[in-house]
Amino acid sequence: MYVPLRTNDMKNSLPARKTKIYFILLLSLLSFLAPNAVTGQDTIVEVLIPASGFEMDADLYANTLSGDGGDWFANPVTGGDSIFDSYGRSIDSLTSQIVDDPWNSALDLTFTGSKLNHDPNDWKWVESEANPGKNDIGKVYFHYAKDNADEQWIFIAGDRLDVTGTSYFDFEFNQVPIIRNTDGTFSSNGNDGGRTENDFLVSMAYTNGGTSAVVTYYVWQLVGTDFNWVNVTYDPADVIAISNSDTVYLPDDSKAFGRNFYEPYQFVEAAINITGLLTEVIADKCVGINVQSIVGKTKTSASITANLTDFAEPIPMDLNLGKASIVYNNGDPICSNNIGTFPKVFVEGSTYDPNSLVFSIALMSLLIVLILPSTVT
Ligand SMILES: [Ca+2]
Ligand SMILES: [Ca+2]
Ligand SMILES: [Ca+2]
């Protein structure tokens, strides 16, 4: 199989490395002379899985950036760390999933008469081709990992059949699962307007006009008397989002839209420091949320009342996001990030050996989940 390689793929050969050094020197000079020069976003997010970090380069193969990071798939030439095998099977299905969706097909399942901020119990689906083609999903990719600082990252990606115009690709994270029923409806037992307070939505807007994707972060919160999506400002350092300006490749076993490549601006991916984003909403880092399902879907505009178009099957998940792990400080259990101590009511009511790491960490975690939201200030 012939696999066209990017310049970075040649880095193991000495002449290519020399060329690259000269190129970097030239770029450095140019950037000095031209302060407004555009720089690339490509970077490696240093999470623990993949072991060599995750390349954010809008390319799906590992080892295509300097430093040899991991990616969704192993590099067919040089290998590397990956999230999936060549068939798209997860190395760890508890933290990573690919969902395939029909495309250019009357058998596709799509929304009808459903809006972004509707109660999911009011959403409807039909068997129908997704229109327009820029909203037609072929694959949805998800991965979760921690970094060395114990911060949590989510990696999301999606694609579109037609690259014309701006597409809006949403990932919705729900604490009570959203379930697609066979009768054309969805159901959710969330108590707050069909969802749960602090459910969140990450929306990626991307176009064929540039590689930067715009990420908007919404949190499900009470607005007046009703719950709705609230647009929350975040630290830009917590989000990296990029679309592909080059043709990028997939394994033959995991084709997208029937081909082993994405044409330019057909693929979008984002890395989100969810520890950082949750902190924008939940100030106490000891408190977190448990995500039970993830829904990848498209919509017609950036509005919170936008019509929903295509969706991939909801992904069942069990992710604890934002919950601190427990460490001991002079015998006192504290949040791993050293923000706040656990409430005395909990410590005094417990019998434990603070010097023992064996002390029922699991029970403590459970109690913290149950107690902290109402007792920590
Ligand atoms: Ca890559
Ligand atoms: Ca679909
Ligand atoms: Ca589709």
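## A walk from Pro-132 into the sheet

Let's start at Pro-132, in the loop that connects strand E5 (125-127) to strand E6. The peptide bond between Asn-131 and Pro-132 is cis, with omega at about -10°. Keep in mind that what you're looking at is a predicted model. Before following the chain into E6, it helps to know how far to trust the coordinates.

On average, the protein has a pLDDT of 81, and 74% of the residues score at least 70. One weak patch is residues 1-40, where the pLDDT is below 50 and the stretch has 21 contacts in the model beyond near neighbours in sequence. Another is residues 337-377, also with pLDDT below 50, and with 34 contacts in the model beyond near neighbours in sequence. Where pLDDT is low, the predicted coordinates shouldn't be read in detail. So treat the contacts of residues 1-40 and those of residues 337-377 accordingly.

Now for the overall picture. The protein has 4 helices and 22 strands. Of its 377 residues, 41% are buried. Looking at contacts between residues at least 6 apart in sequence, you'll find that 60% of them join residues at least 24 apart.

Back to E6, which covers residues 139-146. What does E6 pair with? On one hand there's strand E3 (residues 96-100), joined to E6 by 5 bridges and running antiparallel; Gln-97, for instance, has Phe-142 in E6 as its bridge partner. On the other there's strand E7 (residues 152-159), paired with E6 in the antiparallel sense over 7 bridges. Two pairs to look up here are Tyr-141 with Ala-157 in E7 and Lys-146 with Gln-152 in E7. E6 and E7 make a hairpin with 5 residues between them, and Asp-150 in the turn takes a positive phi of about 70°. Buried or exposed, how do the residues of E6 come out? Of its 8 residues, 7 are buried, so the strand is largely enclosed by the rest of the structure.

Zoom out and these strands belong to an open sheet of 5, in the order E3-E6-E7-E17-E14, with antiparallel pairing. At the edges stand E3 and strand E14 (239-243), each with a single partner strand, so one side of each has no neighbour in the sheet. On average, neighbouring strands in this sheet are turned by 10° against each other, direction ignored. Helix H2 (residues 274-281) packs on the sheet and touches E7 and E17, its direction making about 65° with that of E17.

What about the nonpolar interior? The largest nonpolar core has 78 residues, and the members touching the most others are Ile-156, Val-202, Met-204, Ala-213, Ala-270 and Ile-272. Strand E11 (residues 200-206) gives the most to this core, with 6 residues. Try clicking on Met-204: not counting residues up to four places away in sequence, it touches Phe-169, Ala-213, Val-215, Ala-241, Val-268 and Ala-270. As background, nonpolar side chains tend to be buried together in soluble globular proteins.

For contrast, have a look at Val-230, which sits in strand E13 (residues 226-231). Val-230 counts as partly exposed because 16 other C-beta atoms lie within 10 Å, while burial takes 20 or more. Its contacts, leaving aside neighbours within four places in sequence, are Tyr-218, Val-219, Gln-221 and Val-223. Tyr-218 is 12 residues away from Val-230 along the chain, and their C-alpha atoms are separated by 5.1 Å.

Finally, some backbone oddities for anyone who likes torsions. Besides the bond at Pro-132, a cis peptide bond joins Ile-49 and Pro-50, with omega at about 0°. Pro-50 lies in the loop between strand E1 (43-45) and strand E2 (54-56). Ala-58 has a positive phi, near 55°, despite not being a glycine. Ala-58 belongs to the loop between E2 and E3, and it is buried, with 25 other C-beta atoms within 10 Å. Tyr-265 has a positive phi too, near 65°. That residue is in the loop between strand E16 (261-262) and strand E17 (267-273), and it is buried, with 23 other C-beta atoms within 10 Å.

Note on methods
Residues numbered from 1 in each chain as written. Chains lettered and ligands numbered in written order. Predicted model: local features only at pLDDT ≥ 70, side-chain atom pairs only at ≥ 80, totals over all residues. pLDDT = per-residue confidence, 0-100. Contact = placed C-beta atoms within 7 Å. Buried ≥ 20, exposed ≤ 12 C-beta atoms within 10 Å, placed from the backbone. Pairing = 2+ DSSP bridges. Core = buried A, V, L, I, M, F, W, Y, C linked by C-beta atoms within 7 Å. Axes fitted to C-alpha atoms, helices over the stretch in contact; angles between N-to-C directions.
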